[in-house]
Amino acid sequence: AKDTFDSAGKLVIPGFTNTHSHISMSYLKGFADDLPLMEWLQNHIWPIEKKFMNKEYIYYAALHGVGEMIKNGITTFNDMYFFGDQAAQAAEKVGLRGVIGEGILDFAVADYINADEIFTYIARMYDKYKTSELIDFAVAPHAIYSCGKENLIKAKNLAAKLDILLHIHLSESEFEVQECKKKTGLYPVEYLDSLGFFEGNVIVAHGIYVADKEMEILASKNVSVSINTKSNLKLASGFAPVKEYLKHGVNLCLGTDGVASNNNLSMFEEMRTTAGLHKTLNNDPTLLPAKKMVQLATINGAKALNKENTIGSLELGKKADLVFIETKDISVQPIYNPHSHLVYSITSEQIRDVTVNGKFVLKNRLLTNIDEKEVIEKAVFYKNK
C-alpha cells in the first residue's frame, strides 16, 4: 500500500446501500411539507420539476445529493429520476457508487417525447458506462399507474437484454391497489407477475399494501423490497408489512426516498425509525434486532442490487467501501454492542471518513473531491430562482 490510515478508536463498517432514492430532487428539501401525497405531487412537486427540469439543474442537484449521501455513510445508491447521465457524472466526480435508473412513463417527461426515446437513452447510457468502476444503469418504470402494459413489458425486456436492474414504485397507496384490481382483476404484484416482470433482478420500492399471496410471489421470484419508512410516515402512506415479509423470506433493504419527502439522507435514522416502528406495531420488542437492521442497510441492499459478491460486508476480496465512525464521543461511549450503537445511538455526525473503491471521498468530515462551500452556494442560487 502506498498509504496507511490509522483507524484506532474508530468503528469500521461497510458503507450503507441506499436502495431507493431520487437524488436530483435534492434542491426540493423542505419545499412542500405536511401535505397529502397526491396534493404534494400534483400541486407542488410536478410543477416545480417542470420549471427546472434541465441537464444543468439535474447535475448540480445530483452533486449536492451525492455529497450529502457520502456524509451520511452511503457508499452505493440506487436511483430513479431523469437525465441519468448528469446524475452519473455527479456521482463519478464525488466518487460515489451508483445504480442510475432512468424513469419511464407513458407521457412526455423531461426532454423525452415518449417512452421509446427513454428506452433508447437507457441503452445508450448502458454502453457509455458499462466499463465504469462506479456506475451502472437500470431500467426504472415509474409505477403501474403511470406505465401501461406495453411499456412495462418493454421495460422488462430491455432489462433482460442488457442484464441490468429493474426498479419500480409498487403498492405505495391503497388507491393504487384498488385501481389495479379494478382494471386488471389482479393485485399489483400478481399483475406484474402476469407480464413476466419478475424474471430478472427487480427491486420494488415501498411495497406497503401487499397481500400474503403477493409476498409468496416476491419470495419465489427473489424480488427485493426497499422499505422507505420515514418518507412513508411523513406522507402518511402507511406501514410496510415487515414482519410478514420476513416470514415469507422476502429480501428487505432500506431506502431514504428523495429529500423532498424525507428531508434527509440518514440511513441511521431509517434503521432506528424502522426498528422502533415495527416493534411497536407488532407489540414485539424482539422484532428487527439491531444486527438485522444493519444487515438491511448493508448486505441486503447489496444483494438487492446483485452486488453482494463485491460490496455490503467487510470481507477479503470485496471492494473497499468503508465508513469510519468516531467512538471517542460522549454520545457513543461506552460500547457494549456495536450493532446496537449503529441503530440506536450513533448519528451521521460521528462519521469521520469514508472510502469508495479504496479511495477517500470523505476525510476528517470533509468531502475530498468537491468544494462543499461551492455546492451550498449553488443550492442557494437555485432556491432563489
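Two residues are taken to be in contact when their heavy atoms lie within 4.5 Å. With that in hand, the packing of two helices in this predicted model can be laid out.

Helix α2 covers residues 55-71 and helix α3 covers residues 84-94. Their axes come within 8 Å of each other and cross at roughly 40°. That angle makes α2 oblique to α3, because it falls outside the ranges counted as roughly parallel, antiparallel or perpendicular. As for handedness, α2 goes past α3 in a right-handed crossing.

Which residues of α2 and α3 actually meet? On the α2 side they are K55, I58, Y59, A62, L63, V66, G67 and I70. Facing them from α3 are Q86, A87, Q89, A90, A91, K93 and V94. Sorted by class, this contact holds 10 nonpolar residues, along with three polar and two charged ones.

Next come the holes inside the model. The count comes to four cavities of 30 Å³ or more, and the largest has a volume of about 50 Å³. Its walls are made by L28, I48, E49, F52, M53, Y57, I58 and Y81. Seven of these lining residues are nonpolar and one is charged, with no polar residue in the set.

Where does the lining of the largest cavity come from? Helix α1 (37-52) and helix α2 each supply at least two residues, and α1 gives the most, with three. One residue ties the two parts of this picture together: I58 of α2 is in the contact with α3 and also lines the largest cavity.

Key:
Residues numbered from 1 in each chain as written. Predicted model: local features only at pLDDT ≥ 70, side-chain atom pairs only at ≥ 80, totals over all residues. Heavy atoms only, no water. Axes fitted to C-alpha atoms, helices over the stretch in contact; angles between N-to-C directions. Helix = DSSP H or I, 4+ residues; strand = E, 2+ residues; numbered from the N terminus. Parallel < 35°, antiparallel > 145°, perpendicular 65-115°, else oblique. Left-handed = near helix turned anticlockwise from the far one by under 90°. Nonpolar A, V, L, I, M, F, W, Y, C, P; charged D, E, K, R; others polar. 1 Å grid on protein atoms, 1.4 Å probe; cavity = no way out; pocket = protein on both sides within 12 Å on 5 of 7 lines; lining within 4 Å. Points joined across faces, edges and corners; volume = space filled by probe spheres on them.
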